[in-house]
Amino acid sequence: MFELISDYQSQLLDAFWVTIKLTVVSAIGALVLGTVVAAMRVSPIPVARWIGAAYVTIFRNTPLTLIIVFCSLGLSTTLGLKLASGGRDDIAENNFRWALVGLSVYTAAFVCESLRAGINTVPLGQSEAGRSLGLTFGQNLRLIVLPQAFRAVIAPLGSVLIALTKNSTIASAIGVAEAALLMAGMNETEAAPLQIGAIFALGFVILTLPMGLLFGWLAKRFEVAR
């Protein structure tokens, strides 16, 4: 096992660095998009609520592999929508960016539901007090509801982030050079499947365990007193 780590040290570092970039950028995109969709789901406008509900229903029940492959083959290859300039060297970057899109829109549905649960924990009287002061729906949501909702769902959002880290392996389906693609390549050239599996399992534990501990601490630190 240690010989394999030594032989593939640079490839392992590069692959897990791609995994980290996929996770961080997708997490930011999913958080922004998920917050917008959550706001739509609690909006007083019926059409916005319907669109938000449709988004969550569609993406929560669609396999992530299908979403990422559709982004690459459907939107990029078939429709010609490129996120990187043309050229042989930009194919990998284009696939990487479409993987970010797929991971973001998929994870946003789970962020939305976690955040909506947090919104439901905010006492109704606080929203009514905001409206009595003349705050609009957007101001009420931004100044009163969302700050408390985020504090209430730190732990669930941490679970979503950990799931996103593991889901990033799906990007290998469109050739993104992250950990899962390297693992597949190593299994083809090395007759040591158990050791290879242990290496990548350890790598993901190193990535996800600190996240769980951090979000657990943050949840206790910023817990909303009731």
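A crossing of two helices is called right-handed if the near helix is turned clockwise from the far one by less than a right angle, and left-handed if it is turned anticlockwise. The legends below describe close-up views of a predicted model.

**View 1. Confidence along the chain of the predicted model.** The protein chain has a mean pLDDT of 85, and 93% of its residues reach 70 or more. Among the elements of the chain, the highest mean pLDDT, 94, belongs to helix 3, which covers residues 46-60, while the lowest, 68, belongs to helix 1, which covers residues 2-7.

**View 2. The packing of helix 9 against helix 10.** Helix 9 is formed by residues 179-189 and helix 10 by residues 193-221, and the two pack at an angle of about 165° with their axes 10 Å apart. Because an angle over 145 degrees counts as roughly antiparallel, helix 9 is described as roughly antiparallel to helix 10. The crossing of these two helices is right-handed. From helix 9, the residues that make the contact are Ala179, Leu182, Met183, Met186 and Asn187, and they meet Pro193, Ile196, Phe200 and Phe204 of helix 10. When the residues of this contact are sorted by character, eight are nonpolar, one is polar and none is charged.

**View 3. The packing of helix 2 against helix 9.** Helix 2, which runs over residues 9-41, packs with helix 9 at an angle of about 145°, and the axes of the two helices lie 8 Å apart. On the side of helix 2 the contact involves Gln11, Leu12, Ala15, Phe16 and Thr19, whereas helix 9 contributes Ala179, Leu182 and Met186. The residues of this contact comprise six nonpolar and two polar ones, with no charged residue among them.

**View 4. The surroundings of Ser104 in helix 5.** Ser104 is found in helix 5, the element that spans residues 91-121. Its relative accessible area is 11%, and since buried means under 20%, Ser104 is classed as buried. If residues up to four places away in sequence are not counted, Ser104 touches Val25, Ser26, Gly29, Ala30 and Leu33.

**View 5. The surroundings of Asn95 in helix 5.** Asn95 also has its place in helix 5, and at a relative accessibility of 14% Asn95 counts as buried. Leaving aside the neighbours within four places in sequence, the residues in contact with Asn95 are Ser72, Ile174 and Val176.

Note on methods
Residues numbered from 1 in each chain as written. Predicted model: local features only at pLDDT ≥ 70, side-chain atom pairs only at ≥ 80, totals over all residues. Heavy atoms only, no water. pLDDT = per-residue confidence, 0-100. Helix = DSSP H or I, 4+ residues; strand = E, 2+ residues; numbered from the N terminus. Axes fitted to C-alpha atoms, helices over the stretch in contact; angles between N-to-C directions. Parallel < 35°, antiparallel > 145°, perpendicular 65-115°, else oblique. Contact = heavy atoms within 4.5 Å. Nonpolar A, V, L, I, M, F, W, Y, C, P; charged D, E, K, R; others polar. Buried < 20%, exposed > 50% of the residue type's maximum accessible area, 1.4 Å probe, protein only.
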